[in-house]
Amino acid sequence: MIKGLHRLEYRGYDSAGIALLNGSLTIIRRKGKVKELEDFAEGQNLVGTVGIGHTRWATHGKPDDRNAHPHLSGNGRLTLVHNGIIENYDTLKKALEKLGHEFTSETDTEVLVHLIEELQSRDNLPIEEAVRVALQKVVGAYAIVVIDKEDPEKLVAARKASPLVIGIGNDDFYIASDATPIIEYTKKVVYLNDEEIAVVKKDGNLQIFTINNELQKPKVQELDMEIERLEKAGYDSFMLKEIYEQPQTIADAMRGRMNAGESWIRLGGIAEYANKMVNAKRFIIVACGTSWHAGLIAEYLFEDLARIPVEVEYASEFRYRNPIINENDVVIALSQSGETADTLAALELAREKGALIYGIVNVVGSSISRLTDAGSYIHAGPEIGVASTKAFTGQLTLLTLMALKIAHLKGNITNSYFHELLTELENIPAKIERILEKSPKIEYIAGEFKNTNNALYLGRGYNFPVALEGALKLKEISYIHAEGYPAAEMKHGPIALIDENMPVIVIANNKSAYEKIASNIQEVKARKGVVIAIVEEGDDFIKNMADYTIEITATEEPLSPLLSVIPLQLLAYYIAIQRGCNVDQPRNLAKSVTVE
Ligand code: M6R
């Protein structure tokens with residue numbers, strides 16, 4: 001169980017707990033990482049044939065022992081773990097308090113287990129029926145697993161808008177938020193759908209029904225994942241491993257989908273909806289965080305190459321502002337995890353309005369991949385580091401292929417430019433290898449800036465979103481305040497921040513607007529700012545102006561973000577390491593944000 005929690009820890013790590021049933025019910029909960037729980041459990045005689053565990057990312061109630069899961073019902077009979085948010089918890093809690101229920105935590109989860117208890121004891125219901133009726137009263141998102149001490153041969157699980165997968169072993173079942181803890185034991189899985197409840201029994205029986213009590217036939221699928229991909233493989237951290245994997249993951253994203261020599265691109269999802277894509281009036285890209293940055297680069301790609309108007313939306317904002325979505329719009333969802341609640345909710349809205357939904361997702365079988373009409377997997381393998389790196393460049397690779405394919409179908413680019421870009425795309429992995437060889441220099445530069453309090457990232461055109469991404473990477477893993485800006489926008493405000501203590505990272509490998517970027521660097525230098533420039537190999541002009549330079553190999557401009565982001569990932573990584581930060585599990589964050 002602890003091993004499974006370690007595998008899931010990247011999803012949340014502020015407290016953890018387990019409950020085991022073995023005649024009696026034992027629950028242990030600990031603030032902090034799973035390791036704290038593990039140390040606490042060591043030496044205790046913890047055995048059981050049925051158990052549940054949880055590693056938390058706090059929503060309601062601060063991270064402490066009391067708010068950690070599993071939560072217990074008032075009568076001590078039921079215990080439950082939950083991901084998601086019970087939005088009407090306050091109303092339910094007040095009603096339950098009137099009935100005499102007392103609560104010991106600040107969580108919405110505890111309200112749910114009390115609600116199930118209330119319904120079970122009032123109407124003498126079997127646990128699965130009490131769960132079903134309770135869930136009909138709940139507003140919000142949940143993936144839950146419940147144990148009933150009086151019915152110890154079964155586990156009851158349910159989901160709505162938070163992922164849940166059931167692994168089917170030879171004599172056992174495994175239930176988890178994703179497949180990473182399951183793969184070690186079985187490759188046979190069933191993904192639970194929204195508003196479905198599963199009952200797994202010790203005798204090997206699995207039953208699935210909806211919250212409206214309709215029996216469902218479990219759809220067993222085979223996992224395509226290797227356990228080795230969940231290990232650090234000799235690297236100090238998952239993040240470093242994932243940065244170094246990028247030549248491979250980009251090659252994997254292209255594999256079988258293009259051939260530069262023969263000048264073709266084949267993307268399954270696009271072939272099926274070619275007409276709709278080519279005639280789309282508009283692409284709307286919805287995403288969050290790093291995926292949103294990939295979306296911003298896609299705006300340049302689609303408008304520049306395919307001449308399709310693009311809107312890039314924060315999924316969380318899009319949904320709540322009554323957006324105009326037409327049937328001839330194509331909505332593209334970008335998500336590493338395929339589980340981001342804001343993105344999922346935005347897609348549901350787009351679907352209601354009749355738009356075609358295309359997904360670019362990493363995690364196979366994830367909720368977003370199942371909601372879309374068509375799409376492409378990134379095939380980057382599991383990304384465990386909370387800071388997204390290889391998924392970002394994987395997304396960019398696919399978005400480039402998509403833009404090129406549509407541009408070609410529309411006749412917007414010449415055959416020779418199409419061929420040129422494909423050839424150059426094939427060269428990208430080798431060019432990233434060359435950048436990775438520059439790690440020692442980047443590590444040295446990181447040492448010079450590890451004590452800074454602020455940093456400004458500037459870029460133009462295709463590389464403006466890369467500036468945003470570089471700043472986000474630094475913020476999330478080193479806790480240094482950083483901002484990304486379009487380089488020319490600096491003079492409209494942020495320039496006021498520049499002094500000798502302000503490092504300014506300028507992405508200056510653009511071919512277009514090169515002189516303008518050089519002028520922006522001069523403006524920074526004139527105010528004593530310290531410039532770290534990302535330049536093309538052999539660019540002595542900017543090298544002479546900047547305080548530090550990191551050289552990257554030249555490429556075609558639409559592909560330049562695939563290269564320019566690599567030194568920024570490494571810079572953030574080395575600064576964070578030199579500040580003693582945990583790069584894989586930065587404070588307050590979680591890998592998969594399954595709450596809105
Ligand atoms: O799984 P998703 O791509 O949908 O996740 C979106 C964001 O939560 C994610 O990119 C987040 O910003 C990362 N921590 C960035 O490194």
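These legends walk through five close-up views of one predicted model.

**View 1. The ligand and the residues around it.** Start with the shell: 13 residues surround the ligand, and the ones that come nearest are Ser291, Ser335, Ser337, Thr340 and Glu476. Sort the shell residues by type and you get three nonpolar, eight polar and two charged. Now look for the short distances. In Ser335, a polar side-chain atom sits 2.6 Å from an oxygen atom of the ligand. Ser337 also has a side-chain N or O atom 2.6 Å from a ligand oxygen. For Lys473, the distance from a side-chain N or O atom to an oxygen atom of the ligand is 3.0 Å. How much of the ligand does the protein bury? On its own the ligand would expose 410 Å², and the protein buries 91% of that. Two elements give two or more residues to the shell, namely helix 10 (289-306) and helix 17 (464-478). Helix 10 is the top contributor, with three residues.

**View 2. A parallel sheet of five strands.** Trace the strands across this open sheet and you'll meet them in the order 18-17-19-20-21, paired in parallel. Why is one side of strand 18 (310-314) and of strand 21 (374-377) left without a neighbour in the sheet? Both strands stand at the edges and have a single partner strand each, so there is nothing in the sheet on the other side. Going from one strand to the next, the twist averages 20 degrees. Zoom in on strand 19 (residues 329-335) and strand 20 (residues 356-361), a parallel pair with six bridges. One pairing to find here is Ala333 with its bridge partner Gly359 in strand 20. Two helices can be picked out against this sheet. Helix 12 (residues 341-352) lies across strand 17 (282-287), strand 19 and strand 20, and runs at about 165 degrees to strand 19. Helix 14 (residues 390-410) lies across strand 17, strand 19, strand 20 and strand 21, at about 140 degrees to strand 20.

**View 3. A hairpin made by strand 1 and strand 2.** Here strand 1 (residues 15-22) and strand 2 (residues 24-31) run antiparallel, joined by eight bridges. Leu21 has Leu25 of strand 2 as its bridge partner. What sits between the two strands? There is one residue in between, and Gly23 in this hairpin takes a positive phi near 80 degrees.

**View 4. An antiparallel sheet of seven strands.** This open sheet has its strands in the order 4-5-6-7-11-12-13, with antiparallel pairing. Strand 4 (71-72) and strand 13 (215-216) are the edge strands, and each pairs on one side only. Further in, strand 6 (residues 140-148) and strand 7 (residues 154-160) are antiparallel and share five bridges. Follow Val145 across and you reach its bridge partner in strand 7, Ala157. Helix 4 (residues 108-123) packs on the sheet and touches strand 4, strand 5 (78-86) and strand 6, with its direction about 130 degrees from that of strand 5.

**View 5. Trp264 and its contacts.** Trp264 belongs to strand 16 (residues 264-265). Leaving aside residues up to four places away in sequence, Trp264 touches Gly256, Arg257, Met258, Asn259, Phe418 and Leu422. Its side chain also makes a polar contact with the side chain of Glu262, at 2.8 Å. Don't look for Arg321 in this group: from C-alpha to C-alpha, Trp264 and Arg321 are 40 Å apart in space, and they are 57 residues apart in sequence.

How values were computed. Residues numbered from 1 in each chain as written. Predicted model: local features only at pLDDT ≥ 70, side-chain atom pairs only at ≥ 80, totals over all residues. Heavy atoms only, no water. Near = heavy atom within 4 Å. Polar contact = N/O pair within 3.5 Å; in protein donor to acceptor, adjacent residues only side chain to side chain. Areas by Shrake-Rupley, 256 points an atom, 1.4 Å probe, with all protein chains shown as cover. Helix = DSSP H or I, 4+ residues; strand = E, 2+ residues; numbered from the N terminus. Nonpolar A, V, L, I, M, F, W, Y, C, P; charged D, E, K, R; others polar. Pairing = 2+ DSSP bridges. Axes fitted to C-alpha atoms, helices over the stretch in contact; angles between N-to-C directions. Contact = heavy atoms within 4.5 Å.
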